[in-house]
Each structure stands twice: as C-alpha cells, then as structure tokens.
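Grab your viewer and work through these exercises one at a time. Try each task before you read its solution.

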Amino acid sequence: MASPAKNLLRVALVQMQVSSNKAQNLQRAREHVLTAAHKGAELVVLPECFNSPYGVQHFPQFAEPIHCTPGESIQALAKMAKDANVYLVGGSIPERDEQTHKLYNSCPVFDRQGHLVTVHRKVHLFDIDVPGKMTFKESDVLSPGCKLTSFSTEWGEIGVGICYDLRFPEMAMVAARQGCIGMVYPAAFNTTTGPVFFELLQRARAVDNLFFVATCSPARPTDPSSYPAWGYSSVISPIGEVLAKAQETETIVYSEFDLVKMAEARRSYPIYQQRRFDLYPDVNQGTHQVLSLEVDQQVAQQKQDSS
Ligand SMILES: NC(=O)CCC(=O)C(=O)O
C-alpha cells in the first residue's frame, strides 16, 4: 500500500436528535458540524436519516433529489462542509431519483470545498421480522443501491455503508482489500437489535479487516412513538478496541484514525499475507469496477455540466 500522506485523521460523529421538522434538523446538523470542526475534526459524520424521522411512512414525504437538481438538504450539506472545511459524510437522507422516481436511503459525501464527491445508496435494505419485537421493511418503499462506495482523502480511501450494510462482511472486506483505511456507517439500530448486535458487528468488521470502523446514530428520541434509535455511535480501532462511544443522548463523539497504529496491527497480525485463496475465493476478483460507479459518473457529469 502506498504510504498515506498523513497519519492521524481526526473524526467526529454527530449523534443528534432528529425531529419531524426538516429545516430544524438541517440547522441542528449545521451547528454540530461547525462545532466539531472548531474542535479540530477533519472528517465529520452525520446519522442515518438525519433530516427526516426514520420510517417508511416518512420517506416519500421527506425525499429529495440529489443529482440533477440537488434538494435543500444537499445544498445545506455542501455549505456545511465548505464552511467547516471538513470531509462530511452526510448521514443519509431519503432520496428521490429524478429520472426513475424510485426512492433510496442515500449517503452523500462532500469534500472540504463542499463538492459532492460520491453518494452511497444503501445496498442491503433493512427488512427484518423479529416476532413480538420488531418488524421493519424498508423495501416497502425503498429500492436498493447497486454499487459499493468509497471516497478519497489525504489519509487514504474510506469506505461507506449505511446501517444494515454493517451486517454484510463482504462489503467491508472488499473495501479493505482495495486499500480503504476504514469504513464509516451512518446507522440507526434500535432498542431491539442495538444492544445485541451494534457493537459486536462494528468490532467484527474492524478485526476482520484490521481497519477502523465508525458509526453514527441519531440520539434516542424523546417521543416514544418514534423509531427507537439505539444511539451509541462509536469509533473502533483495527484490533477491535472501542476508542470512543456515545450513550443514548445527543452528543458529538471525537476520536482518531491513527494509521501508524493500523500499520502496527497489520504487522503483528499479517492476515493480509496469510490468506489462502487456493482454498476460498478472493472476494476482490471482479469487483474493481464496482467502486467506480454509475452514481459517481453522474456526479462527475454534473460537475462538468456546471463548469
Ligand atoms: N436502519 C437499519 O438499517 C437498522 C439495522 C438494524 O437495526 C439491524 O439490526 O441490522
């Protein structure tokens, strides 16, 4: 792997309260992003569904376009990234594709100049049925994305997934083998699945790949009729240590991706050199095209059109 330009990436996770007032959510996100930047963060992450309550009944009403005529959330996020001078993983928003009219759960990512650099559409939709506890079916209204996503920084490439994507190790593994230094997941686990799986899955993805994992959840809502977001946004080290973790309430979590520590972990546990592709397939075969994607092409086209 080429040596990264910098060794320490300062990360902030904005675990914010989300309401049913979009303008209020955008304003709250802006205040937190600026605060995080003021405290030194270089990469700021917002929660899954940060501009809208999380629920299939809300997605159509809150959905906005991202690409051709960016909606108010995209415009606000671009400005936040630029004003704060940070890489901004813009949580997720319900997206309406202007051409197909399909809805997606989408994570827009911005560079420090406020340019939209990529969009991850949630690939694995959250469809579960835990008897007596939780039934949720995103696929009632959402379509799944069809690409894997990463973006470049001075510290290295960073992979992006959204919440339920965390359960699928292949996705993180492909990112790691293509050189990503970590995965970032805006996420909204809940009070049923959160306590059992959230930290376990994050630590597993980190240790599987000896890279960083960061998740950002909404704060637990005060209104008991809302989706009960779990909270506990976290940053995990390449050897599975919990470097920083929120509780349930609104807060900003600060931590670092220390690439020297990642290199040490990879020297100590040389799994990247020890894989037995003679016994099982290399998940990266044939996937190199996947990370340079149809949506990124749209973003590039959009930049070209506007220049
Ligand atoms: N928003 C989500 O995708 C929730 C995922 C979740 O709770 C899980 O258990 O997985």
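Helices here are DSSP runs of H or I with at least four residues, strands are runs of E with at least two, and both are numbered from the N terminus. The model is predicted, so local features need pLDDT of at least 70 and side-chain atom pairs count only at pLDDT 80 or more, while totals for chains, interfaces and linings use all residues. Residues are numbered from 1 along each chain as its sequence is written, and side-chain values use heavy atoms, with hydrogens and water left out.

**Exercise 1. Place alanine 29 and decide whether it is buried or exposed.**

Step 1: find the element. Alanine 29 sits in helix H1.

Step 2: get the classes straight. Buried means under 20% relative accessible area, exposed means over 50%, and partly exposed is in between (1.4 Å probe, protein chains only).

Step 3: apply them. Alanine 29 has a relative accessible area of 0%, so it is buried.

Step 4: look for a partner from elsewhere in the sequence. Valine 14 is 15 residues away along the chain, and its C-alpha atom is 7.6 Å from that of alanine 29.

**Exercise 2. Work out which residues surround the ligand and which polar atoms come close to it.**

Step 1: list the shell, taking residues with a heavy atom within 4 Å of the molecule. That gives Glu48, Tyr54, Lys122, Phe126, Cys163, Tyr164, Arg167, Ala188, Phe189, Asn190, Thr193 and Tyr227.

Step 2: sort them. Ala, Val, Leu, Ile, Met, Phe, Trp, Tyr, Cys and Pro count as nonpolar, Asp, Glu, Lys and Arg as charged, and the others, Gly among them, as polar. The shell then splits into seven nonpolar, two polar and three charged residues.

Step 3: check the polar contacts (pairs of N or O atoms within 3.5 Å; within protein, one must be able to donate a hydrogen and the other to accept it, and residues adjacent in sequence count only if both atoms are side-chain atoms). The side chain of tyrosine 54 puts an N or O atom 2.8 Å from a ligand nitrogen. A polar backbone atom of tyrosine 164 is 3.2 Å from a ligand oxygen. For alanine 188, a backbone N or O atom lies 3.4 Å from a ligand nitrogen.

Step 4: ask how much of the ligand is covered. On its own the ligand exposes 290 Å², and the protein buries 100% of that. Areas come from the Shrake-Rupley method with a 1.4 Å probe; for residues, only the protein chains shown count as cover.

Step 5: zoom in on one shell member. Asparagine 190 is in the loop between strand E11 (182–186) and H5. Its relative accessibility is 0%, so asparagine 190 counts as buried. The side chain of asparagine 190 also makes a polar contact of 3.1 Å with the side chain of tyrosine 227.

**Exercise 3. Count the salt bridges, then inspect a few of them.**

Step 1: set the rule, a side-chain nitrogen of Lys or Arg within 4 Å of a carboxyl oxygen of Asp or Glu. The count comes to 19.

Step 2: take lysine 22 and glutamate 64, whose closest N and O atoms are 2.6 Å apart. This pair links distant parts of the chain, 42 residues apart: lysine 22 is in helix H1 (residues 22–38), and glutamate 64 is in the loop between helix H2 (59–62) and helix H3 (72–84). Both partners are buried.

Step 3: try a pair within one helix. Aspartate 83 and lysine 79 bridge at 2.8 Å between the closest N and O atoms. They are four residues apart in helix H3, about one turn of the helix. With a relative accessible area of 36%, aspartate 83 is partly exposed; lysine 79, at 47%, is partly exposed too.

Step 4: repeat in helix H5. Glutamate 199 and arginine 203 meet in a salt bridge at 3.7 Å, N to O, and they too are four residues apart.

**Exercise 4. Find out what is unusual about phi at asparagine 85 and histidine 101.**

Step 1: recall the background. Most residues other than glycine have a negative phi.

Step 2: read the angles. Asparagine 85 has a positive phi near 60°, and histidine 101 has a positive phi of about 65°.

Step 3: locate them. Asparagine 85 is in the loop between H3 and strand E3 (87–89), while histidine 101 is in the loop between strand E4 (93–96) and strand E5 (103–110).

Step 4: classify them. Asparagine 85 is partly exposed because its relative accessibility is 41%, and histidine 101 is exposed because its relative accessible area is 56%.
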